[in-house]
Amino acid sequence: MKSKLTFLLGLIWVAGTHLAGAQTSGLRLPKTVQAGTPFSIQSAGSGKAVLYIVGPAQVLRRDVQLGETISLAAGDLHNAGHYTVILVGGSSTEDGAFDVTAAQPAALSLIAKPSRLPVDLHGGISGVAYIFDTFQNLVLQPSHVSFQLAGVAGAPQTRTVLTQNGVAWTKMNSASKEGAAQFVARVGNIADTRVIQQVPGDPCSLRMNVRASGQRLAIETEPVRDCSGNAVPDGTIVTFTEIYNGGEATVDVPLKRGVARTEMPAYEGATISVATGVVMGNEVRWGKE
Amino acid sequence: MKQTAVRRAIWRPFLLAGSVLATLLVWGSDQAAVRVEPTDSVGPRTLEKQTETAVIRDYLQAWNSLSGALDQNRVDLLNRDFVGTAKEKLVETIREQAKLGIQTRYQDGKHDIQVVFYSPEGLSIQLVDTVEYDMQLLDHEKPLRTQHIRARYVAVLTPTEVQWKVRVFQAEPE
């Protein structure tokens, strides 16, 4: 009884391995194919059959003659991915699989953020580049991506990064001078460009001068600049505050041509201060000491 | 008569528990086993647990959408989870399948997911999934072959108003 069972199991195993071999023995497939390139599949036997090449990215169906070489033309299979091949003949079905890999880099997608930022910000600009071939497949083979940030002044910043899984990224510093900068990512002769607007930072120091103007005080700031010497944009609000005899007066004035001007009542012993954003300027005490 | 009623009352919780367990097993059999590699070293942006959970959930949901869309040759089923190139390619496949009278049934069984990149500005996240699935091919509704497949997929997801959507979905040689 035991020997019969062993024999039966052995028979099943032999039949199983034979069938498994037969499934792929007649079908000769490439292991990998580059997207869009021509390739061929060798079949065995005779008679008519239907060839299916199936994957989520693409599907093909061909009527073929068994025993002949099945040729697929350039562009027939252009989407990268894993493909199952099934060859259905009159009496047998064979299957196999192969991979289609991306072709050479042909397009680059650059995401640069932010599009507008203050000057002199360390690591303030980020660039992410995804590399694609001509069929919009992500190129997973490592490629060198050159990032360059060229502003209105100074030497351009350059970094070269090797892609991992089709993506490369870097961080750049904003320049010390305001203006538009070109952020370029390049692979070979393929490039993508974004414009980064570099604007002045927060005011660095704020000073005002106060003088008598009839019964009132004429107050004017010196030109307001950031720490790199760039003029702070017109429209930035400057706040003047006057404290007198227990009273208080406040005036908000937008910068015009780099300076803010206003008039306030002249009270003996009043204290006048100036501020913009979180930056405090100087303080002036008017009249009697 | 009274004894029978008592017996029934005793067995009722066991029967109930058994049916709940059976339901869970049946339900469980349709769910793919999912393993996510630790994400501590993912960068350059720090990946918060909440983001990780959402990304994995939406990616797995995308597999369900893909499966339904390719099985029923329905392009509209892709709208929820795919955008950009990934969607365009799947739409192309579905249209070709419909033209040829082909259907493909994808049943994912196992995912081994590794989040490999989270962009500094938070606008894209990339993961690599070593996935095992069964693919059944039907020609004019006649099943031809089922193949068990193990493949390495690279996916790039981008955030939309309410969820992450798959923008790049591509298998590569292991």
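The exchange below asks how the labels given to parts of this predicted model are justified.

Biologist: What makes B:Thr53 exposed or buried?

Modeller: B:Thr53 has 11 other C-beta atoms within 10 Å. The label exposed applies at 12 or fewer, so B:Thr53 is exposed. This residue lies in helix α2 of chain B. Its C-alpha atom and that of B:Asp134, 81 residues apart along the chain, are separated by 25 Å.

Biologist: Which residues of α2(B) are buried?

Modeller: They are B:Val55, B:Ile56, B:Tyr59, B:Ala62, B:Trp63, B:Leu66, B:Ala69 and B:Leu70. Each of them is called buried because 20 or more other C-beta atoms within 10 Å is the requirement. Residues three or four places apart in an α-helix point the same way, because there are 3.6 residues a turn.

Biologist: What do the buried residues of α2(B) pack against?

Modeller: Their partners in chain B are β1 (33–36), α3 (84–100), β2 (102–118), β3 (125–139), β4 (142–159) and β5 (164–172).

Biologist: How do you know what span to expect for α2(B)?

Modeller: The expected span is 1.5 Å times one less than the number of residues. Helix α2 of chain B, residues 49–72, has 24 residues, and the expectation is 34 Å. From first C-alpha to last, α2(B) reaches 35 Å, close to that value. For α3(B), with 17 residues, the reach is 25 Å and the expectation 24 Å, again close.

Biologist: Why are α2(B) and α3(B) called roughly parallel?

Modeller: The two helices pack at an angle of about 25°, with their axes 9 Å apart. Angles under 35 degrees count as roughly parallel, and α2(B) and α3(B) are therefore given that name. The contact is made by B:Leu66, B:Ala69 and B:Leu70 from α2(B), and by B:Leu90, B:Thr93, B:Ile94 and B:Gln97 from α3(B). By class, this contact has five nonpolar, two polar and no charged residues.

Biologist: Which residues of α3(B) are buried, and what do they pack against?

Modeller: B:Thr85, B:Ala86, B:Lys89, B:Leu90, B:Thr93, B:Ile94 and B:Gln97 are buried. The buried residues of α3(B) pack against α2, β2 and β5 of chain B, and against β4 of chain A.

Biologist: What makes a set of residues a nonpolar core, and which element gives the most to the largest one?

Modeller: The members must be buried, of the listed nonpolar kinds, and joined through C-beta atoms within 7 Å. The largest such core has 85 residues, and A:Ala129 and B:Ala155 have the most contacts inside it. α2(B) gives the most to this core, with eight residues. Apart from it lies another core, of 15 residues, including A:Met208 and A:Leu255.

Biologist: What does B:Ala155 touch?

Modeller: Leaving out residues up to four places away in sequence, B:Ala155 touches B:Tyr59, B:Leu127, B:Asp129, B:Val166, B:Val168 and B:Phe169.

Biologist: How many residues does each chain give to the contact between chains A and B?

Modeller: Chain A gives 32 residues and chain B gives 34. On the side of chain A that touches chain B, the elements giving two or more residues include β4 (58–65) and β10 (125–132) of chain A. The residues on that side divide into 15 nonpolar, twelve polar and five charged.

Biologist: Why is A:Asp120 called partly exposed, and A:Asn245 exposed?

Modeller: A:Asp120 has 19 C-beta neighbours inside 10 Å. Burial needs 20 or more and exposure 12 or fewer, so A:Asp120 counts as partly exposed. A:Asn245 has 8 such neighbours and therefore counts as exposed.

Biologist: What is the phi of A:Asp120 and of A:Asn245, and where do these residues lie?

Modeller: Most residues other than glycine have a negative phi. A:Asp120 has a positive phi, near 60°, and lies in the loop between β9 and β10 of chain A. A:Asn245 has a positive phi of about 35° and is in the loop between β20 (237–244) and β21 (247–254) of chain A.

Biologist: Where are the cis peptide bonds at A:Pro114 and B:Pro44?

Modeller: One joins A:Lys113 and A:Pro114, with omega about -10°; A:Pro114 is in the loop between β8 and β9 (116–118) of chain A. Another joins B:Gly43 and B:Pro44, with omega about 0°, and B:Pro44 is in the loop between β1 and α2 of chain B.

Definitions and conventions. Residues numbered from 1 in each chain as written. Chains lettered and ligands numbered in written order. Predicted model: local features only at pLDDT ≥ 70, side-chain atom pairs only at ≥ 80, totals over all residues. Contact = placed C-beta atoms within 7 Å. Helix = DSSP H or I, 4+ residues; strand = E, 2+ residues; numbered from the N terminus. Nonpolar A, V, L, I, M, F, W, Y, C, P; charged D, E, K, R; others polar. Axes fitted to C-alpha atoms, helices over the stretch in contact; angles between N-to-C directions. Parallel < 35°, antiparallel > 145°, perpendicular 65-115°, else oblique.
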